[in-house]
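Visitor: I'd like to learn how to read pockets, a ligand site and a sheet in a model. Could you walk me through one?

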Amino acid sequence: MSALPVREGYRLWAPTYNAENAVSQLEASLVAEMTPPLAGLRLLDAGCGTGRRLRDCGAAMATGVDLSPEMIAAGQGDLDPAIRLLVGDVRALPLPDAGFDLVWCRLVIGHLSECARAYAELGRVTARGGQVIVTDFHPAAHAAGHRRTFRHGDQVHEVEHHVHELAIHREAARAAGLRLAAVRAAEVGPSVRPFYERAGRIAQYEADRGLPVVLALSFVKEDRCGS
Ligand SMILES: C[S@@+](CC[C@H](N)C(=O)[O-])C[C@H]1O[C@@H](n2cnc3c(N)ncnc32)[C@H](O)[C@@H]1O
């Protein structure tokens, strides 16, 4: 199966994207554990897709940016109009410096061939002392043969994906003034067994059990001026 370019992949995936799958559910649970209470915080979701993670998030201000106009359009009708969704590239965010207390970048970085420019932007828009949470498809899942795929009609498509090992994330973040505070992973286990069951893939579940499929990193924006 040849991989679709990112824009084309998400154009096709947009109408059905909000249906959860094993990876997205494990990712959502892990990010919920790593995210502080959002009341009073200015939240950015960089690479927000349909903006589904911003729904009812409770932040004082919530903004989403995504490369795909189709993903933004698919989500817009469902969201509180106070949630701002913008079309834009995580490598050149259409947002001012230091405007957010918490920045998510969830399952996006793997779609980029290099991640330094994205981290530079995540660092730029985060206020000093703020937190950045990045998730990615786990390199171990890729090594085990898993790919970023979705079903469109009767076809299964793969979306272009690049593996970035932890050291690459860490170095790109460090250069952007982001200090690594936590590294977590989510593994295939009983909470996602129902997805495999519904797909009639219990043998695959047994093979995948224990495999890390989501890598999650938490960073703090350093106060370089020491104030
Ligand atoms: C797997 S989806 C994740 C969406 C959302 N973060 C979530 O967890 O529901 C990946 C998203 O990244 C977006 N994306 C890919 N490359 C991007 C880029 N360079 N800038 C902004 N968004 C990008 C895609 O359009 C897609 O909506």
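Guide: We'll go through the pockets, then the ligand, then a sheet. Keep in mind that this is a predicted model.

Visitor: Let's start with empty space. How much space lies in the largest pocket?

Guide: The general idea is simple: rolling a probe the size of a water molecule over the atoms shows where empty space is left. Here, the largest pocket holds about 1,100 Å³ of space.

Visitor: And which residues lie nearest its centre?

Guide: The lining has 30 residues, and those nearest the centre are Asn21, Ala22, Thr149, Phe150 and Arg201. As for elements, at least two lining residues come from each of helix H2 (22-34), strand E7 (149-152), helix H7 (193-198) and helix H8 (202-208). By class, you get 15 nonpolar, seven polar and eight charged residues around the largest pocket.

Visitor: What is the volume of the second largest pocket, and what lines it?

Guide: Its volume is about 470 Å³. The second largest pocket has 28 lining residues, with Gly47, Asp66, Leu107, Val108 and His111 nearest its centre. Helix H1 (6-13), strand E2 (42-46) and strand E3 (61-66) each give at least two residues to that lining, and H1 has the largest share with three residues. The class split for this second pocket is 12 nonpolar, five polar and 11 charged.

Visitor: Now the ligand. Which residues come nearest to the ligand?

Guide: Start with the neighbours, then look at polar atom pairs. There are 21 residues around the ligand, and Gly47, Arg52, Asp66, Val90 and Arg106 come nearest. Asp66, then, is on this list and also among the residues nearest the centre of the second largest pocket.

Visitor: What are the distances for the polar pairs at Asp66, Val90 and Arg91?

Guide: Asp66 places a polar side-chain atom 2.7 Å from an oxygen atom of the ligand. At Val90 a polar backbone atom takes part, 2.9 Å from a ligand nitrogen atom. For Arg91, a polar side-chain atom lies 3.5 Å from a nitrogen atom of the ligand. As for burial, the ligand taken alone exposes 590 Å², and the protein buries 99% of that.

Visitor: Last stop, the sheet. What is the order of its strands?

Guide: To read a sheet, follow the strand order, then check the sense of each pairing. This open sheet has three strands in the order E1-E8-E7, with mixed pairing. Strand E1 (3-4) and E7 are at the edges, each with a single partner strand, so one side of each has no neighbour in the sheet.

Visitor: Which pairing is parallel and which is antiparallel?

Guide: E1 pairs with strand E8 (residues 155-159) in the parallel sense over two bridges, and Leu4 sits opposite Val159 in E8. E7 and E8 run antiparallel, joined by four bridges; there, Phe150 has His157 of E8 as its bridge partner.

Visitor: What links E7 and E8?

Guide: They form a hairpin with two residues between them, and Gly153 in the turn has a positive phi of about 60 degrees. Phe150 is worth a second look: this residue with a bridge partner in E8 is also one of those nearest the centre of the largest pocket.

Methods. Residues numbered from 1 in each chain as written. Predicted model: local features only at pLDDT ≥ 70, side-chain atom pairs only at ≥ 80, totals over all residues. Heavy atoms only, no water. 1 Å grid on protein atoms, 1.4 Å probe; cavity = no way out; pocket = protein on both sides within 12 Å on 5 of 7 lines; lining within 4 Å. Points joined across faces, edges and corners; volume = space filled by probe spheres on them. Nonpolar A, V, L, I, M, F, W, Y, C, P; charged D, E, K, R; others polar. Pairing = 2+ DSSP bridges. Near = heavy atom within 4 Å. Polar contact = N/O pair within 3.5 Å; in protein donor to acceptor, adjacent residues only side chain to side chain. Areas by Shrake-Rupley, 256 points an atom, 1.4 Å probe, with all protein chains shown as cover.
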